[in-house]
Amino acid sequence: MLAGKKTYITAAVMALATFARALGWLDQTQYEVILGMAGSLGLAALRAGVTKSQE
């Protein structure tokens with residue numbers, strides 16, 4: 001279902017968080033937490049994709 005889309009979804013979450021921060025909907029701490037979590041998920045998705053492509 002999400003095959004090949006996890007990295008794009010994570011990038012979209014990061015873009016939305018940046019948009020929300022720019023509009024003042026999030027404070028700096030909330031923004032950093034969201035980016036930290038989304039970045040970690042993005043790296044995990046990337047690693048899973050690299051592993052899958054080597055099989």
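These exercises walk through a predicted model, each with a worked solution.

**Exercise 1. The pocket**

Task: Find which helices line the largest pocket, and which helix gives the most.

Solution:
- Start with the volume. The largest pocket has about 190 Å³.
- List the lining. It consists of Ala 3, Gly 4, Lys 5, Lys 6, Thr 7, Tyr 8, Ala 45, Leu 46, Ala 48, Gly 49, Val 50 and Lys 52.
- Match these residues to helices. Helix 1 spans 6-22 and helix 2 spans 28-53; each supplies at least two lining residues.
- Pick the main contributor. Helix 2 gives the most, with 6 residues.
- Sort the lining by character. There are 6 nonpolar, 3 polar and 3 charged residues.

**Exercise 2. The surface patch**

Task: Locate Leu 23 and decide whether Leu 23 is buried, partly exposed or exposed.

Solution:
- Place the residue. Leu 23 sits in the loop between helix 1 and helix 2.
- Read its accessibility. The relative value for Leu 23 is 45%.
- Apply the cut-offs. Buried means under 20%, exposed means over 50%, and partly exposed lies in between. Leu 23 therefore counts as partly exposed.
- Look at its partners. Leu 23 joins Phe 19 and Trp 25 in a nonpolar surface patch of about 380 Å².

**Exercise 3. Two buried residues**

Task: Explain why Thr 10 and Ala 38 receive their accessibility class.

Solution:
- Place both. Thr 10 lies in helix 1, and Ala 38 lies in helix 2.
- Take Thr 10. Its relative accessibility is 11%, so Thr 10 counts as buried.
- Take Ala 38. Its relative accessibility is 4%, so Ala 38 counts as buried too.
- Check a distance for Thr 10. Gly 39 is 29 residues away in sequence, yet the C-alpha atoms are 7.5 Å apart.
- Check a distance for Ala 38. Arg 21 is 17 residues away along the chain, and the C-alpha atoms are separated by 15 Å.

**Exercise 4. Sequence against space**

Task: State how far apart Leu 35 and Met 14 are, in sequence and in space.

Solution:
- Place Leu 35. This residue is found in helix 2.
- Count along the chain. Leu 35 and Met 14 are 21 residues apart.
- Go to space. Their C-alpha atoms are 6.1 Å apart.
- Add the exposure. Leu 35 has a relative accessible area of 23%, so Leu 35 is partly exposed.

Definitions and conventions. Residues numbered from 1 in each chain as written. Predicted model: local features only at pLDDT ≥ 70, side-chain atom pairs only at ≥ 80, totals over all residues. Heavy atoms only, no water. 1 Å grid on protein atoms, 1.4 Å probe; cavity = no way out; pocket = protein on both sides within 12 Å on 5 of 7 lines; lining within 4 Å. Points joined across faces, edges and corners; volume = space filled by probe spheres on them. Helix = DSSP H or I, 4+ residues; strand = E, 2+ residues; numbered from the N terminus. Nonpolar A, V, L, I, M, F, W, Y, C, P; charged D, E, K, R; others polar. Patch = residues over 30% accessible without salt bridge, like charges linked within 9 Å, V, L, I, M, F, W, Y side chains within 5 Å. Areas by Shrake-Rupley, 256 points an atom, 1.4 Å probe, with all protein chains shown as cover. Salt bridge = Lys/Arg side-chain N within 4 Å of Asp/Glu carboxyl O. Buried < 20%, exposed > 50% of the residue type's maximum accessible area, 1.4 Å probe, protein only.
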